[in-house]
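Here are some short exercises to work through with the model open beside you. Try each task before you read its solution.

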Amino acid sequence: MQLKLDQLAAHLKKGLQPLYTLHGDEPLLAVEAADAIRAAARAAGHSEREVHTVAGAHFDWSSLLGAASAMSLFGDAKIVEIRIPSGKPGKDGSVALQRYCERLPEGVLTLVTLPRLDRQQTASAWFSALEAAGITLRLEPIERAALPQWLAQRLAAQGQRVGPGEEGQRTLAFFADRVEGNLLAAQQELAKLALLHPVGELGYEQVEAAVLNVARYDVRKLGEAVLAGQVPRVLRMLAGLRAEGEAAVLVHWHLTEDIRALKRCKDALTAGKPLPMALRENRVWGLKERLFERALPRLDEAALEQLVEAAHVCDGLAKGLKHPLWPADPWDGLQRLALLLAGPLAGAPARAGVTARLVLQG
């Protein structure tokens with residue numbers, strides 16, 4: 001049974017299931033969810049705890065099955081944690097997990113923790129067994145659009161709030177920009193505000209003075225920001241990725257893949273294919289699917305050809321080549337490439353002539 005994270009607290013008050021599976025790459029949410037489950041289990045009398053970390057192909061699954069089944073001398077209930085950092089239990093592990101789920105031991109609450117799983121992993125027999133035997137929680141990152149509301153809720157939990165109206169929204173937006181992609185640090189900044197200021201309303205100046213810039217950017221999210229036409233955010237993310245030491249070649253690859261996918265989808269539409277088919281054939285789904293649906297009508301064929309040409313030039317810059325009409329620094333070239341796509345998507349539809357002038361003149 002799948003459960004949303006915001007439903008967990010209410011669920012735990014109603015009673016415990018014998019098995020919980022947490023999967024996702026957001027450390028703060030994983031820690032908090034696991035702590036809540038452990039606390040509920042201890043309150044229900046699970047006084048012992050065993051932790052088994054699956055580190056590689058040589059993990060002894062038989063020892064786990066035996067340890068979980070063996071009660072203590074006094075029969076105390078216990079918590080058994082199975083941590084699979086790789087998300088890949090292997091052939092033996094798959095069989096063992098399915099057997100474990102078929103015969104969940106009495107008096108044991110099992111907590112399985114996994115990283116972010118892909119579609120193939122969530123469709124596997126071992127994950128399906130975990131899902132059928134208990135509760136699964138998918139710990140999704142807090143997207144930038146939802147981050148101000150998340151921060152407001154956390155502030156409210158510690159008795160604080162921002163001002164009303166536009167000023168308060170500006171405060172939350174500033175806070176979100178400073179902590180995007182780094183919830184662990186965001187929680188530390190929230191705790192800092194609780195220490196520095198009493199309960200009540202926080203002004204923009206108080207937040208600005210207290211909150212450090214601890215944002216961490218994911219190159220995959222950069223593409224989403226570009227396709228959404230979020231120009232200021234794109235500039236922040238490029239600067240952040242550069243400061244974090246990300247490889248310019250990797251950033252270029254992600255941007256170019258989106259440009260090529262847009263061109264292929266546009267060609268498919270011109271050939272008479274329906275949009276859903278064009279997107280599916282190019283493996284565009286999820287949030288990218290919605291962004292492509294918005295972007296494609298705003299980019300004509302000639303503009304996309306110019307973007308492909310610009311991506312080719314930028315590829316050379318990332319590999320150390322020079323171009324007389326482009327900046328020598330590859331990161332400056334990446335910024336131009338990103339803006340060539342993000343700019344039109346933030347405003348009027350792209351026209352080939354305008355794009356060509358930007359490509360040539362910068």
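**Warming up: the whole chain**

The secondary structure of this predicted model amounts to 18 helices and eight strands in the protein chain.

**Exercise 1.** Describe the extent, burial and surface of the protein chain.

*Solution.* Start with the box: along the principal axes, the C-alpha atoms fill roughly 80 × 55 × 40 Å. Next comes burial, where 45% of the 362 residues count as buried. Finish with the surface: the chain exposes about 18400 Å², and carbon and sulfur atoms supply 54% of that area.

**Exercise 2.** Take the contacts between residues at least 6 apart in sequence, and find what share joins residues at least 24 apart.

*Solution.* For the protein chain, that share is 77%.

**Exercise 3.** Work out how helix α13 and helix α16 are oriented to each other.

*Solution.* First, locate the pair: α13 covers residues 248-270 and α16 covers residues 301-318. Second, take the axes, which come within 10 Å and cross at roughly 160 degrees. Third, compare that angle with the cut-off: over 145 degrees counts as roughly antiparallel, so α13 and α16 are roughly antiparallel to each other. Last, add the handedness: the crossing of α13 and α16 is left-handed.

**Exercise 4.** List the residues through which α13 and α16 meet, then sort them by character.

*Solution.* On the α13 side, pick out V249, H252, T256, I259, L262, K263, K266 and T270. Their partners in α16 are E301, L304, E305, L307, V308, A311, C314, D315 and A318. Sorting the residues of this contact gives nine nonpolar, three polar and five charged.

Methods: Residues numbered from 1 in each chain as written. Predicted model: local features only at pLDDT ≥ 70, side-chain atom pairs only at ≥ 80, totals over all residues. Heavy atoms only, no water. Axes fitted to C-alpha atoms, helices over the stretch in contact; angles between N-to-C directions. Helix = DSSP H or I, 4+ residues; strand = E, 2+ residues; numbered from the N terminus. Parallel < 35°, antiparallel > 145°, perpendicular 65-115°, else oblique. Left-handed = near helix turned anticlockwise from the far one by under 90°. Contact = heavy atoms within 4.5 Å. Nonpolar A, V, L, I, M, F, W, Y, C, P; charged D, E, K, R; others polar. Buried < 20%, exposed > 50% of the residue type's maximum accessible area, 1.4 Å probe, protein only. Areas by Shrake-Rupley, 256 points an atom, 1.4 Å probe, with all protein chains shown as cover.
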